[in-house]
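Please keep the structure open in your viewer while you read, since each stop on this tour begins with something to select.

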Amino acid sequence: MDLLDLIDAVQSVADGVLFGATYSLLGIGFTLIFGVMHKINLSYAAASIGAAYASLLVMSVVQAPAVLAFVAAAAAGGVIGGLVYLVGFRFIPLANPLATLMSTVGLLLLIDEIIVHATDGVPLSYPALFSDVIVQVGPFGLRGDLMFVFALGCVCMVLLLLLLYRTRLGLATRAVSQQPTASLLCGISTTRVNVLTFVITGVVGGIAGAMTGAAIGMLSPLLSLPLTVKGLIVTVIGGLGSIPGAIIAGLIVGGLENAFQFFRGVSERDLYIMLLLFAFLVFRPGGIFAKSSGRD
Amino acid sequence: MLELPVLELKDVSKHFGGVRAVDGVDLGVARGEILALIGPNGSGKSTIVNLICGLFPLTAGRVVLDGVDISGMPMHARVTGGVARTFQNIRLFGQLTVWQNLWVAQNSGEQRRQNFGRRWFGGSRGARGEVERTLEFFDLAHKSNELAANLAFGEQRRLEFARALSAKPALLLLDEPAAGMNAEEIDQLDNRIRKVRDDGVTVLLIEHQMELVMSIADRIAVLNFGRKIAEGTPAEVQASPLVREAYLGTPEIA
Amino acid sequence: MDFYLGLIQIIGVHTLLGLSAYCVLLTGQVSLAQAGFFAIGAYVAGILTVLAQWPLIPALAVAAVVSGAVACAVGFPALRVKGLMLVVATVAFGEAVRLFFFNFTYQIQAGVLHLGPHGAEGFRQIRYFPQHGWSTLDVALFIWTVVALVMAGLWWLDHSRIGAVLRAVGEDELAAQSVGINITAVKVSAMTVGGFIAGIGGGIFAHYTTHIEHAQFGVVLATFAIAYPILGGLSNVFGTLLAAVFIQGFLIEGLRFMGDWRNLLFGGLIVLAMNVRPRGLLDAGTTRALRRLFAPRKERSGA
């Protein structure tokens, strides 16, 4: 391999890492919901894409600068998150994990179909910010839109960490995720914490959805399944319940994805990601930051 | 004690991080006796049960059953080898019926060697006779077809006891079987434990209910802070100043 | 008429897929790998009848054995993890299988035709049924004979000690171990049987559609596989059948007159069903009520 190929490879991985911020946010969302409810919300990525669509709807009604699309997506994400909790979790007994798993599958299909129904299944273009900017670092060119996505992702993560570790709400959330019954006895309303977790993760998801749209330049309901799978992958590679783990894992998955694509082509890319993930899960189920192989 | 003990713990330790839950305990359970293991809360009694049945690995020492070192064996193999247990907080199969709870527990070595086809594929009819006898003994026969989750608390405790016996153990570990029972139920429990012992099962009993312990235990071992501080007949243990200290605190501090 | 026969075929094959997930779900494990086993069955059976000119039944048998063997091999490492980790591990495996077939080409020349799997284009011309003069009715009857056999087998297992042990493991793994059940062996066996059944289903699927490609075996199909038993209820095998009829017959075909509103209703009804009947349409309570309805005397003497 000559130098030019190497430069191309590094370039491609760098792009992937920047886009990986989206996966990080989705991974955080899955992790937070799992932490608080001990349930998998399979509709999460679909809801995130739905929120990005909702922001397009807002933008078509109001004349506003493109940045506002992200704000609108965040708000819509919060609302959808609350609705998902109400419809898919609130009234289903917690002792029955299969029922909530299935209800979120139903919600995933429902959200996807609402999108298809509203847009006739045609992909819509999404406003990209700074797409004409390219920063030259030595032989590498960093795309402005991806850098913006990455920066936004980092800001979200910092805010989220502050929220979780510096506020009473964050304290309550962490308390519920560790000892639900004890928290209840201490006067924390688990229902309220649950709702708030869904709203907050919804906001994060909405931003992630908008970031995906901005980075790819368009939105399609076909994005929701791959994003669900990638989000779940990031969650487990990072280690369940670990936010720093999810952040790092998101960037790693983003980078690896492009690396495999560069070396093996787009059709084999995901095959290697899946095999790697399977090996990882089975031999290191505690995630990257686990002390040992986590087998009990 | 010429006969080989059923169970021997040899210098057994279990540390959780810096906590020495069990620290260098030696204990022998002779065939056919009821040995009670007592001690204040957090003294390591339940940990010992969990070490014997293999819930977690030992930090140091050996667990020997009938002369065979079982320290490294997985839980299910120890049951086949002859150790069965009950749980302090009841763990029944709630969505199975009462008699199915006993059916799935028929995993002694002898039961495993039976006709493979009949054991696994034979349907309920053949297995039922033996199960019904056990249920009769625990006064649960009339509840045979109920779901275990729908039983009253006392019945669930009895069912757990019955389920542990279904594997025909040589050694039975009872983890606080009297917790939450009233005087009459404790009386029945007392009778049943004696009866089980008379049928040739060795019993290791963990219990806080002193009246029951003093009434049925042949010998008592006392734990405090993960160490064995006394062992002997009920009268000897009651007389031991160390035991009083463990339960009541030293006079100076009290 | 052919439309209804086609629908009956689809329901039959999806019932097999659901039953394969049912076996695994009984032990409390959520496996999204069933679509992968289904795909393996489809490709193996297709290759055997088209490229090796085997008759159908042995081809299906080999497909089932291969799928079962793969399920067994995957089960050993995968079942070390539980819950969400297992869901993700099985998604990863299922997707890996799908992507393998996406990249898998093995063709032979037969006259002017190229036969065999061809990467992204898929595997066309699996024409065993038309070549051997099977009518749509014959195929439907054949599928439902297989479904009936598999259901009878599972019903029997369910009522033997195996069924009770599977459910015991599903309910409380620690308690199951402490009564002497080897939970690894039980879970891997359930996975193997599940893979075996999925292999049969996949093999039949390949032959009645005559054209298979990787995209058919994605996460959506895996989700459907677990949806049937969960929606139908795990108290017995008929729940899965009922849910397959409900989803494929009513939600997908029966509501066709609603145009594209149907798809909206589809997700919505699943959510509603789980809210109203969290233990499935045919849960233990309903089963008991039905049994009481049909055999009142026996039930009373038992209670």
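**Two domains of chain B**

Begin by selecting the two domains of chain B, whose centres, taken over C-alpha atoms, are separated by 26 Å. What you have on screen is a predicted model, and it scores ipTM 0.89 and pTM 0.87. To colour the two parts, use the domain assignment of chain B, in which domain 1 covers 1–82 + 169–254 and domain 2 covers 93–168.

Next, select the junction of these domains, where 10 residues of domain 1 of chain B are in contact with 12 residues of domain 2 of chain B. On the side of domain 1 of chain B that touches domain 2 of chain B, helix H2 (75–81) and helix H8 (183–198) of chain B each supply at least two residues, and H2(B) gives the most, with three residues. Colouring that side of domain 1 of chain B by class shows six nonpolar, three polar and one charged residues.

Now widen the selection to the whole of chain B, in which there are 11 helices and 10 strands. The radius of gyration of chain B is 19 Å, close to the 18 Å that the globule rule gives for 254 residues, so chain B is as compact as a globular protein of that length. Taken along the principal axes, the box filled by its C-alpha atoms is roughly 65 × 40 × 40 Å. Of the 254 residues of chain B, 42% count as buried, and among the contacts in chain B with a separation of 6 or more, 68% come from residues 24 or more positions apart.

**From chain B to chain C**

Keep chain B visible and add chain C: 20 residues of chain C are in contact with 26 residues of chain B. On the side of chain C that touches chain B, the elements to select are helix H7 (161–171) and helix H8 (173–178) of chain C, which give two or more residues. Which of them gives the most to this side? The answer is H7(C), with seven residues. By class, the side of chain C that touches chain B has nine nonpolar, seven polar and four charged residues.

**Within chain C**

Move to helix H1 of chain C, residues 2–26, which has 25 residues and reaches 36 Å from its first C-alpha to its last, close to the 36 Å expected at 1.5 Å a residue. Is H1(C) largely enclosed or largely open? Of its 25 residues, 18 are buried, so H1(C) is largely enclosed by the rest of the structure. Just after H1(C), select C:Gly28, which takes a positive phi of about 85 degrees.

Colour chain C by confidence next: its mean pLDDT is 88, and 97% of its residues reach 70 or more. Residues 298–303 of chain C deserve a separate selection, as pLDDT stays under 50 there and the model has four contacts beyond four places in sequence for them.

**Chain A against chain C**

For the last stop, show chain A with chain C, where 40 residues of chain A are in contact with 37 residues of chain C. Helix H3 (67–88), helix H4 (97–119), helix H9 (224–238) and helix H11 (266–283) of chain A each supply at least two residues of the side of chain A that touches chain C. Among the contributors to that side, H4(A) provides the largest share, 14 residues. Colour the side of chain A that touches chain C by class, and its residues divide into 30 nonpolar, six polar and four charged.

Notes. Residues are numbered from 1 along each chain as its sequence is written. Chains are lettered from A and ligands numbered from 1 in the order in which they are written. This is a predicted model: local features need pLDDT of at least 70, side-chain atom pairs count only at pLDDT 80 or more; totals for chains, interfaces and linings use all residues. Helices (H or I, at least four residues) and strands (E, at least two) are DSSP runs, numbered from the N terminus. The radius of gyration is taken over C-alpha atoms; the globule rule is 2.2 Å times the number of residues to the power 0.38. A residue is buried if 20 or more other C-beta atoms lie within 10 Å of its own, exposed if 12 or fewer, and partly exposed in between; C-beta atoms are placed from the backbone. Two residues are in contact if their C-beta atoms, placed from the backbone, lie within 7 Å. Ala, Val, Leu, Ile, Met, Phe, Trp, Tyr, Cys and Pro count as nonpolar, Asp, Glu, Lys and Arg as charged, and the others, Gly among them, as polar. Domain bounds come from an automatic or database domain assignment. The expected span of a helix is 1.5 Å times one less than its number of residues. pLDDT is the predictor's confidence in each residue, from 0 to 100.
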